[in-house]
Amino acid sequence: MHARVSPRFRPTLSRGGRRKTLLAVTVLTGAVMTTGALFPSAASAAKPDPVQKSLNTLVVDDRIPSASASVADREGRTRLYTAGVGDLRTGAKVPKDGQVRAASNTKAFTAVVVLQLVAEKKLALDAPVDTYLPGLLRGEGIDGRHITVRQLLQHTSGLPEYLDKSAVLKDPQRYYEPRELLDSALAQKAHFSPGTKWEYNNTNYLVAGLIIQKVTGRPLGEEINRRIVDRIGLRHTYFPTPGDMTIHGPHAKGYHRDTADSPWRDVTELDPSWGWAAGAVITTNSDLNRFYTALLGGRLLPPAQLAQMRTTVPTGAPGVRYGLGLSSTPLPCGGVYWGHGGTIPGYATLGGVTEDGRAVNIALTAMPADSATEQHAQAAVETTLCR
């Protein structure tokens, strides 16, 4: 809401042929702001840039309408890239560092707010949900007296998924109240006893968002904007207000198709209420890099809470581990990168930050329809961070 963990809303779709419209208007471009240690030297300028080459592959071979990236070196110097077209109908260019729906990257924002409240002694990670929302979580095998806040953030609660993917795709502009979504989850049976397994789902962060609102007495979006967006100056990031279906800044349109033979459908405008604490944030590639860099650099959480966030459990995918709203993924050149990623109808984002401050985020304007596309996007991240 990586092909390895699937920490996102990702319905399975079949791969289709290249549309004539896309062939007619595909434009491949790269945009440079500044150069730094991550980037080719002047002597190698004639060689194909591997980041641009990766984006071109996603557009031409994987038939994604457009792809964009923001790459930052250890000093924060940034280079921007684009490929494809921003509007399949008009052939308009992809805006440099345009806004996208961040989808499940929102979970990292929600987790940071929870951990800030822990640092302020307004919450306790190992307190049961009933401490803050008494009686809310009750169902078959579900009991909020035995599910902790930590288990919500770590996806070890056993709660079932609330998200009805087919309903969202059928009517993407419908508004959902958080309680309506929660009721959908509570109508199902628990998937396992709390703390015994890891299973990614959006319900955990829906409940975390409700806890934030109960403890602070303020809307979740206001807390995210005040505690994170404004604090570190994410000028192109915001949590949409109820009923806001638009993307405010320059952006490439987002697309979806149900089958390989279906035409691309413009799903840029949708109601993100069904994603809410798990997937509503709107941002840019560069702002996501700034967010994860600030987070890992200790600008959003005290050391104790950041350490808790980075304490991980295995996910079942080789080498990939999940902490509290943050995942670590191994790099083929050694080490790991930290981030989250997300998919939502019309957009997909992935990337993260290394321990030494290198950062990349890539955005696509359609959800990957097959594992090959996901692998190409993942390889683009790895290639960039291993340069």
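Accessible areas here come from the Shrake-Rupley method with a 1.4 Å probe. On that basis the chain, which is a predicted model, has an accessible surface of about 14,800 Å², of which 52% belongs to carbon and sulfur atoms. The chain has 387 residues, and 60% of them count as buried. Its secondary structure consists of twelve helices and 16 strands.

## Nonpolar cores

The largest nonpolar core has 81 residues, and those with the most contacts inside it are Leu137, Val207, Ile211, Ile228, Phe291, Leu295 and Met309. Helix α3 supplies the largest share of this core, with nine residues. Apart from this core lies another, of 26 residues, which includes Leu55, Ile64, Ala83 and Leu385. Within the largest core, Val207 is one of the residues with the most contacts; when residues up to four places away in sequence are not counted, Val207 touches Val129, Leu133, Leu137, Leu152, Leu159 and Leu182.

## Helix α8 and its cover

Helix α8, which spans residues 220-229, is mostly covered, since eight of its ten residues are buried. The buried residues are Leu220, Gly221, Glu223, Ile224, Asn225, Arg227, Ile228 and Val229, and Ile228 also appears among the residues with the most contacts inside the largest nonpolar core. The elements that cover the buried residues of α8 include α3 (106-119), α7 (203-216), α9 (276-279) and α10 (285-296).

## Aromatic pairs and a charge over a ring

The structure holds six aromatic pairs. Two of them are set out below.

| Aromatic pair | Centre to centre | Angle between the planes | Arrangement |
|---|---|---|---|
| Tyr200 and Tyr322 | 6.4 Å | 75° | edge-to-face |
| Tyr255 and Trp264 | 6.4 Å | 70° | edge-to-face |

The pair of Tyr200 and Tyr322 links distant parts of the chain, 122 residues apart, with Tyr200 in the loop between α6 (178-186) and α7 and Tyr322 in strand β11 (residues 321-322). Tyr200 has a relative accessible area of 13% and is therefore buried, while Tyr322, at 0% relative accessibility, counts as buried too. In the other tabulated pair, both Tyr255 and Trp264 are buried. The ring of Trp264 has a further neighbour in Arg257, which lies over its face at 4.2 Å from the ring centre. Elsewhere, ring pairs link Phe109, Phe291 and Tyr292 into a cluster, and Phe291 is also one of the residues with the most contacts inside the largest core.

## Polar contacts of Asp49

Asp49 lies in the loop between β1 (28-31) and α2 (50-60). Is this residue buried or exposed? At 12% relative accessibility, Asp49 counts as buried, because the limit for that class is under 20% relative accessible area. The side chain of Asp49 makes a polar contact of 3.5 Å with the side chain of Arg79, and a polar contact of 3.0 Å joins the side chains of Asp49 and Tyr81.

## Backbone angles and a buried glycine

Two residues other than glycine deserve a note on their backbone angles. Ala103, in the loop between β4 (99-101) and α3, has a phi near 50°, which is a positive value in a residue other than glycine, and this alanine is buried, with a relative accessible area of 0%. Trp276 likewise is not a glycine and has a positive phi of about 40°; its place is in helix α9, and at 11% relative accessibility Trp276 counts as buried. Helix α9 is itself among the elements that cover the buried residues of α8.

Gly158 is found in the loop between α4 (149-154) and α5 (165-170), and its relative accessibility of 4% means that Gly158 counts as buried. Which residues is Gly158 in contact with, leaving aside its neighbours within four places in sequence? They are Ala190, His191 and Phe192. The C-alpha atoms of Gly158 and Thr203 are separated by 9.8 Å, although these two residues lie 45 residues apart along the chain.

Technical notes
Residues numbered from 1 in each chain as written. Predicted model: local features only at pLDDT ≥ 70, side-chain atom pairs only at ≥ 80, totals over all residues. Heavy atoms only, no water. Helix = DSSP H or I, 4+ residues; strand = E, 2+ residues; numbered from the N terminus. Buried < 20%, exposed > 50% of the residue type's maximum accessible area, 1.4 Å probe, protein only. Polar contact = N/O pair within 3.5 Å; in protein donor to acceptor, adjacent residues only side chain to side chain. Contact = heavy atoms within 4.5 Å. Phe/Tyr/Trp six-rings, centres within 6.5 Å; stacked < 30°, edge-to-face > 60°. Lys NZ or Arg CZ within 6 Å of the ring centre and 35° of its normal. Core = buried A, V, L, I, M, F, W, Y, C linked by side-chain atoms within 4.5 Å.
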